[in-house]
Amino acid sequence: MTDNAHWLARSRAAVWHPCTPLRPDDALPLVPIAHADGVWLTDFDGRRLFDAVSSWWVNLFGHGNPRIVDAVAAQMRVVDHVMLAGFTHAPAVELAERLAALAPPGLGHAFYASDGASATEIAIKMSVHSWRNRGLPQKRRIAHLAGSYHGETLGALAVTDVAIFRDAYAPLIVPQARVESPVPRDGETPAAAARRATDALERYLTAEHAATAALIVEPLVQGAAGMRCYAPEYLANARALCSAHDVHLIADEIMTGFGRTGTMFACEAADVAPDLMCLSKGITGGVLPLSAVLASDAIFAAFRSHDIGHAFLHSHSYTGNPLACRAALAVLDIFAADDVIGANRERAARWRALAAPLAAHPRVRAFRQCGMIFAFDVDTGRDGFAPWCFGEALARGLLLRPIGNTVYFMPPYVTRDAEFAMLCERTSGILDSA
Ligand SMILES: Cc1ncc(COP(=O)(O)O)c(C=O)c1O
């Protein structure tokens, strides 16, 4: 038996699926994927799904992209894996150099891990530890924005403001400092929201800078909060305030990096260079797990010491895995060879026009676009809109994963215009019965 039912039954018995309630009636859909190719996923019964969310925002250039797959296959025959403590290899070095060249200035030191939450933890630890090494152990609090999301391990949850992910583990979490988000509230303009949040940050830093190590932000868009966009001015103001108060700025570009918001990194929109930058997701085009934290010279310098207590004793088994680094290098090659950022600028404008009828749907509220992210809120009285919409989308050959009442598209950059138009049309059909 190799059909959907066969794999469904085995998966439900043996695999604990992430971010999925274990309903006793097994009512939530689960789709066994037999094949992934380009922007399409195909199940064991031959049904095709358009991957409108790039498989949780990772897949930039389509599934099975031969330029990435071939690079990984070739690397596998040269050095498959070697630990990065006490050893190094070409892909780790080349990738660190190329990321530093692409990133905002001054981020020349790459620390590798395997997923986004680990990158968050590394950045937080680096910030606090660097102040400690500099004789300021009292600077150990991390400020984060209201509505933030930085991952689901315990340290990352401490700077994540999403109750549903946090509440069950509250006794294990060391609360940090939540500051106002620059996402506009009802009726507020983006500029007014940026001003309000800047003022709040200034008040916080004036009072608390001596105890604060860093401010962590998702630049331009708070993703898990529902693709909430905010004005770049806030980033510029936050940079200036952090510098003035000797507090690090950590840019979590895990979702926004690699062209998602229109520039290579979202920080570019405000011409801001953070002290630490977290990267993951699109870094390998969705082929292999990898994350990196890029650190400034000053932070790196704070760890240069003969004292073992000053060393950053953090590692993961697969840190700097050569295959993952090689995949990331292939991704950067594609960005350079195909002028992906330039092409996306035109693509985003065309897609905006194609999405106009959907944006005008009577159930659509607050249609927004930030580069290659499209999102809107759905005016519906339906309880459990998100799982309902997920199921309706599957029935129409789409992979959509709404957040609450927010539907968003983050398709692979290789999506054709006709496919994007199909996505909008089918989504409109779902809204007709929402
Ligand atoms: C901004 C941001 N930070 C961190 C993470 C956590 O990444 P991961 O799921 O790879 O741990 C995510 C994941 O969605 C994210 O969007």
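What follows is a short conversation about a predicted model of a protein with a ligand.

User: Happy to start with arginine 140. Why is arginine 140 called exposed?

Analyst: Good place to begin! Its relative accessible area is 59%, and exposed means over 50%, so arginine 140 earns the word.

User: And where in the fold is arginine 140 placed?

Analyst: Arginine 140 belongs to the loop between helix 5 (116–133) and strand 5 (141–145).

User: Which residues does arginine 140 touch, leaving out those up to four places away in sequence?

Analyst: Its partners are Val128, Gln176, Ala211 and Ala213. A contact here needs heavy atoms within 4.5 Å. As for alanine 231, its C-alpha atom is 28 Å from that of arginine 140, and the two residues are 91 apart along the chain.

User: Let's turn to the ligand. What makes the pairing of lysine 281 with the ligand a polar contact?

Analyst: An N or O atom in the side chain of lysine 281 is 3.2 Å from an oxygen atom of the ligand. The cut-off for a pair of N or O atoms is within 3.5 Å, so this pair qualifies.

User: What about the backbone of glycine 116 and of alanine 117?

Analyst: A polar backbone atom of glycine 116 is 2.8 Å from a ligand oxygen. For alanine 117, a backbone N or O atom is also 2.8 Å from an oxygen atom of the ligand. The protein covers 82% of the 390 Å² of accessible area that the ligand has on its own.

User: Which residues are around the ligand, and how do they divide by type?

Analyst: The shell is made of Trp57, Asp115, Gly116, Ala117, Tyr149, His150, Gly151, Glu218, Asp252, Ile254, Met255 and Lys281. Five of them are nonpolar, three polar and four charged.

User: Now the whole protein. How do you know that its radius of gyration agrees with a compact globule?

Analyst: For 434 residues, a compact globule would have a value near 22 Å, and the protein has 22 Å, so the two agree. Along the principal axes, the C-alpha atoms fill a box of roughly 60 × 60 × 45 Å.

User: What share of the residues count as buried, and what is the cut-off?

Analyst: Buried means under 20% relative accessible area, and 51% of the 434 residues count as such. On the outside, the protein exposes about 18,900 Å², with carbon and sulfur atoms supplying 57% of that area.

User: Lastly, how many helices and strands are there?

Analyst: The protein has 15 helices and 16 strands. Among contacts between residues at least 6 apart in sequence, 71% join residues at least 24 apart.

Technical notes:
Residues numbered from 1 in each chain as written. Predicted model: local features only at pLDDT ≥ 70, side-chain atom pairs only at ≥ 80, totals over all residues. Heavy atoms only, no water. Near = heavy atom within 4 Å. Polar contact = N/O pair within 3.5 Å; in protein donor to acceptor, adjacent residues only side chain to side chain. Areas by Shrake-Rupley, 256 points an atom, 1.4 Å probe, with all protein chains shown as cover. Nonpolar A, V, L, I, M, F, W, Y, C, P; charged D, E, K, R; others polar. Helix = DSSP H or I, 4+ residues; strand = E, 2+ residues; numbered from the N terminus. Rg over C-alpha atoms; globule rule 2.2 N^0.38 Å. Buried < 20%, exposed > 50% of the residue type's maximum accessible area, 1.4 Å probe, protein only.
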